[in-house]
Structure formats: structure tokens, C-alpha cells
Amino acid sequence: PAVEYGLDAPFEIEYHDSIGSTNDRARELAAEGAASVVVLADEQVGGRGRLKRKWVGPSGGVWSSLVLRPEIPPSHAPLLTLAAAVAVTRAAREAGVPANIKWPNDVLVDGQKLCGILTEMEGEANRVSWVIVGIGINVNIAGEDLPEGATSVQEQAGTVNRRAFTQRLLEEFDELRTDPETILPAWREHSATLGQRVRVETRTEDVVGEAIDIESPGVLVVDTDDGEARVHAGDCEHLRPV
Ligand code: BTX
């Protein structure tokens, strides 16, 4: 419960010392009809990334999954991933970490991964029944506990108070989701991807060119040799600077 975790958050909190995956627990809660709940864990032993990839979750991170029931069609859910990335970036910057956002679902510091976001949903064509936004942030973790290519708040700015950090994160996210027009401008401001020459790999093709803009609900616009190409967040398997 929120009081036990000591958070005055705009969501109800369910806290676990150790868990398989906060997204899996959030799915159970969603199936039971829960809304506006955040599942938080200190350690996550079965964390999931996109496309069956694994997410490493040692003690000291902020492993969190929000259960939301927004009145949106499924196609709009990627906007919540962008909102989460902005919220993480703002909370990290307040903690002194120069974070920025890599499309579609990472927050980086100097190209090293600070955070990954996994959004899942269920619903009909015109209306989601729930959306789960899973946010994994390397906070008070350092050294060999961090996977290859990762960084943490602790490595960048020292140990922080995780409760205060999580509270800022949830407040920022809550602000953005209630004011959706602010999401894309804030995302553009903190983007590491816009202005970069990139290769976006999808299941069917590679799109190479300069990333020039983001469009709702999370479509990357790439200026290629053959004109503008648009890639949906869900279709991106890898994005690399080239
Ligand atoms: P992704 O598929 O974009 O990234 C997964 C890749 O990130 C892995 O293959 C690995 O290379 C790298 N990686 C794994 N763990 C870490 C880490 N701790 N720090 C940096 N890099 C790492 C990104 O997927 C989405 C991840 C979402 C994780 C959250 S945590 C709370 C929630 N519960 C859950 O099971 N998943 C989400």
C-alpha cells in the first residue's frame, strides 16, 4: 500500500521486495478490474523487454508497471510510452542525470541505457480496456550489477532517494497523461533521436535516413533517399545511429 511505501502518489501503490515481472502482476490486476495502480518492486527476477528480450532487474532499481484505463483506441497507446519516456527524463534530469530519449522506448545517457519501457494493452478496435506501462529504471545500481551498455542514476549522479525519485516520476507522468498535447513537444525537446542519421530495422525492411520528426501517436518520420518514411513504434525492432 501507498502509505507503507511512503509515497504520496497520484496512483495506488502495490509494493514487492522481489517479483517475477511487475508487468505480469499488473496484467493480473488489470484482469481483476484494477485501475490507476502502480506495481513497484525492489528486485525483478523475470523482467521482460520487447520482442521476447529479457530485462535485468537487480535490487536498487525502480521496476514499475502502471495499470491505466484511458478512454483511447489501441492505436493511441504508444503516446503513453512517449509520456513515460518524458517523465523518466524529467525525473532523471532533476536528479542531475543528463538523460535523453531514444525512440521508441528507451532513455539514455551518452548512448547508454538508463531506462526501458514496455507498454502492453488489451481491448477492442475503438477502445482499450487497459494499458500497462512498464517502466524499468536503473537507479541505485552500479558496477557489475549493471548489464553491458547500461548506466544508472547512481553512476551518473550518486545514490538518490528512490521514493522521492519515484514520486517525481509518477507526478510527471500523471501531468502528461492528463494534458496529452504537451507530450510530443516535451518529447521533441529531450529527444536523442531527432536530427540523427539512423537505421530503423522492422520485420519487413530497413529504413535509413535522418530522423526528422515524431508524429502522434509515436510515429518516427525519417528523411530517406526516396523521400519521407514513417515508422510506427510497434514495428521497430532495432534503431541504430549510422
Ligand atoms: P527492449 O527490448 O528495448 O530492451 C531489452 C534489452 O535491453 C535487453 O536485450 C538487454 O540488451 C538490455 N537490458 C536488459 N536489462 C537492462 C537494464 N537493466 N538496463 C539497461 N539495459 C538492459 C526495453 O525492452 C523495455 C524494458 C521494460 C522493463 C520494465 S521493468 C518493469 C516492467 N516489468 C517488466 O517485466 N518489464 C517492464
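This note sets out points on a predicted model, covering two loop residues, one helix and the cysteines.

1. Position of serine 21. Serine 21 sits in the loop that links strand S1 (12-19) to helix H2 (22-31). Its relative accessibility is 5%, and the residue therefore counts as buried, the limit being under 20%.

2. Surroundings of serine 21. Once residues up to four places away in sequence are set aside, serine 21 touches Gln44, Gly46, Gly47 and Arg48. Valine 45 is 24 residues from serine 21 in sequence, yet the two C-alpha atoms are 6.9 Å apart in space. There is also a local polar contact: a polar atom of the serine 21 side chain lies 3.1 Å from the backbone nitrogen of asparagine 23.

3. Length of helix H5. Helix H5 comprises 17 residues, 162-178. The expected span at 1.5 Å a residue is 24 Å, and the C-alpha atoms at the two ends are 24 Å apart, so the model agrees with expectation. The factor of 1.5 Å is applied to one less than the number of residues.

4. Start of helix H5. What caps the N-terminal end of H5? Asparagine 161 does so, through a side-chain oxygen that lies 2.9 Å from the backbone nitrogen of arginine 163.

5. Buried residues of helix H5. The buried residues in H5 include the hydrocarbon side chains of Phe165, Leu169, Leu170, Phe173 and Leu176. Thr166, Gln167, Glu172 and Asp174 are buried in H5 as well. As background to reading such a list, an α-helix has 3.6 residues a turn, so residues three or four places apart point the same way.

6. Histidine 190. This residue belongs to the loop between helix H6 (183-189) and strand S9 (197-201). Histidine 190 has a relative accessible area of 10% and is therefore buried. Apart from neighbours within four places in sequence, its contacts are with Thr89, Arg90, Arg93, Asn100 and Ile101.

7. Cysteines. How many disulfides does a search of the whole structure find? The search returns 0. Why is cysteine 115 without a bond to cysteine 236? The sulfur of cysteine 236 is the closest cysteine sulfur to that of cysteine 115, but the distance is 16 Å, which is too far for a bond. A disulfide would require the sulfur atoms to be within 2.5 Å. The relation holds from the other side, since cysteine 115 also provides the closest cysteine sulfur to cysteine 236.

8. Burial of the cysteines. Cysteine 115 counts as buried because its relative accessibility is 0%. Cysteine 236, at 1% relative accessibility, is likewise buried.

Conventions: Residues are numbered from 1 along each chain as its sequence is written. This is a predicted model: local features need pLDDT of at least 70, side-chain atom pairs count only at pLDDT 80 or more; totals for chains, interfaces and linings use all residues. Side-chain values use heavy atoms; hydrogens and water are left out. Helices (H or I, at least four residues) and strands (E, at least two) are DSSP runs, numbered from the N terminus. Buried means under 20% relative accessible area, exposed over 50%, partly exposed in between (1.4 Å probe, protein chains only). Contact means heavy atoms within 4.5 Å. A polar contact is a pair of N or O atoms within 3.5 Å; within protein, one must be able to donate a hydrogen and the other to accept it, and residues adjacent in sequence count only if both atoms are side-chain atoms.
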